[in-house]
Amino acid sequence: MLRSRRAHFWRKVPYCVPKAAAFAALCRAAGLPARLAFADVTNHLATPRTLELMGGGIFAWHGYAEVLLGGRWVKVSPTFDAPLCKRMGVKALEFDGASDAHLQPFDADGRAFMSYDRIHGIFHDVPARFLAVEMPRLYPRAHAAIRAGEFANG
């Protein structure tokens with residue numbers, strides 16, 4: 001039963017870690033060196049429901065990816081797809097293969113949107129065991145809502 005709830009959750013909620021892991025895996029499958037990175041970020045425009053479930057605007061252990069292109073590690077955050085960006089009033093990140101594409105600092109009205117507050121570092125793979133313990137500790141309300149199948153796009 002829990003597996004089906006988790007599977008349902010991943011289809012409904014735009015969660016950064018599996019998106020970053022999928023991006024890195026696709027890069028690697030295409031022969032491009034890629035790795036994962038994690039940071040605490042502030043989402044200044046999160047919905048009230050999301051802020052309530054998360055206990056505030058700091059989102060710990062936000063996952064993004066880095067891919068080696070032209071001898072440089074380029075940062076990429078595949079979390080916010082075009083439909084989500086449109087709903088949130090921010091421009092979708094454009095990845096040109098040369099520049100970092102991991103942060104939208106402002107929305108279309110010039111309001112603060114995202115900021116990277118603390119970098120946790122670079123990882124070859126998702127630190128799954130660590131996150132499985134850390135996320136319920138940091139976000140007990142969100143964890144309970146996820147387990148109950150009630151957390152879907154806050």
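1. A good place to start is the pair formed by strand 2 and strand 3: the two run antiparallel and are joined by 5 bridges. Within that pairing, A65 faces V76 of strand 3. The two strands make a hairpin with 2 residues between them, and G70 in the turn has a positive phi of about 60 degrees. Please keep in mind throughout that this is a predicted model.

2. Moving to the other side of strand 2, you will find strand 1 (residues 34-43) paired with strand 2 (residues 58-69) in the antiparallel sense, over 8 bridges. Two positions help to fix the register by eye: F38 stands opposite G63 in strand 2, and A37 stands opposite Y64 in strand 2.

3. Now for the sheet as a whole. It is an open sheet of 4 strands in the order 3-2-1-4, with antiparallel pairing. Strand 3 (72-76) and strand 4 (114-123) are the edge strands, each pairing on one side only. On average, neighbouring strands of this sheet are turned by 35 degrees against each other, direction ignored. As a general reminder, strands of a sheet pair through backbone hydrogen bonds, in either a parallel or an antiparallel way.

4. Strand 2 deserves a second look for its surroundings. Of its 12 residues, 10 are buried, so strand 2 is largely enclosed by the rest of the structure. Two helices lie across it. Helix 2 (residues 16-29) lies across strand 1, strand 2 and strand 3, and runs at about 10 degrees to strand 2. Helix 5 (residues 128-138) lies across strand 1 and strand 2, running at about 145 degrees to strand 2.

5. Which residues of helix 5 are buried? They are L131, E134 and M135. Seen down the axis of helix 5, these buried residues fall within an arc of 100 degrees, so they line one face of the helix. The general background is that an α-helix has 3.6 residues a turn, so residues three or four places apart point the same way. Among the elements covering the buried residues of helix 5 are helix 2, strand 1 and strand 2. On the face turned away from the buried side, helix 5 carries the exposed residues R129, A132, V133 and R137.

6. I would also draw your eye to S77, which sits in the loop between strand 3 and helix 4 (82-88). Is S77 buried or exposed? With a relative accessible area of 7%, S77 is buried, because the cut-off for burial is under 20%. The side chains of S77 and H62 are joined by a polar contact of 3.5 Å. Leaving aside neighbours within four places in sequence, S77 is in contact with H62, G63, Y64, L93, A101, H102 and Y116. One of these partners, G63, is the residue of strand 2 that stands opposite F38.

7. Finally, a word on the cysteines C27 and C85. At 8% relative accessibility, C27 counts as buried, and C85 counts as buried too, at 1%. How many disulfides does the structure hold? The structure holds 0 disulfides.

Terms used
Residues are numbered from 1 along each chain as its sequence is written. This is a predicted model: local features need pLDDT of at least 70, side-chain atom pairs count only at pLDDT 80 or more; totals for chains, interfaces and linings use all residues. Side-chain values use heavy atoms; hydrogens and water are left out. Two strands pair if DSSP finds at least two bridges between them. Axes are lines fitted to C-alpha atoms, for helices over the stretch in contact, and angles run from 0 to 180 degrees between N-to-C directions. Contact means heavy atoms within 4.5 Å. A disulfide is a pair of cysteine sulfur atoms within 2.5 Å. Buried means under 20% relative accessible area, exposed over 50%, partly exposed in between (1.4 Å probe, protein chains only). A polar contact is a pair of N or O atoms within 3.5 Å; within protein, one must be able to donate a hydrogen and the other to accept it, and residues adjacent in sequence count only if both atoms are side-chain atoms. The arc is that of the directions from the helix axis to the C-beta atoms.
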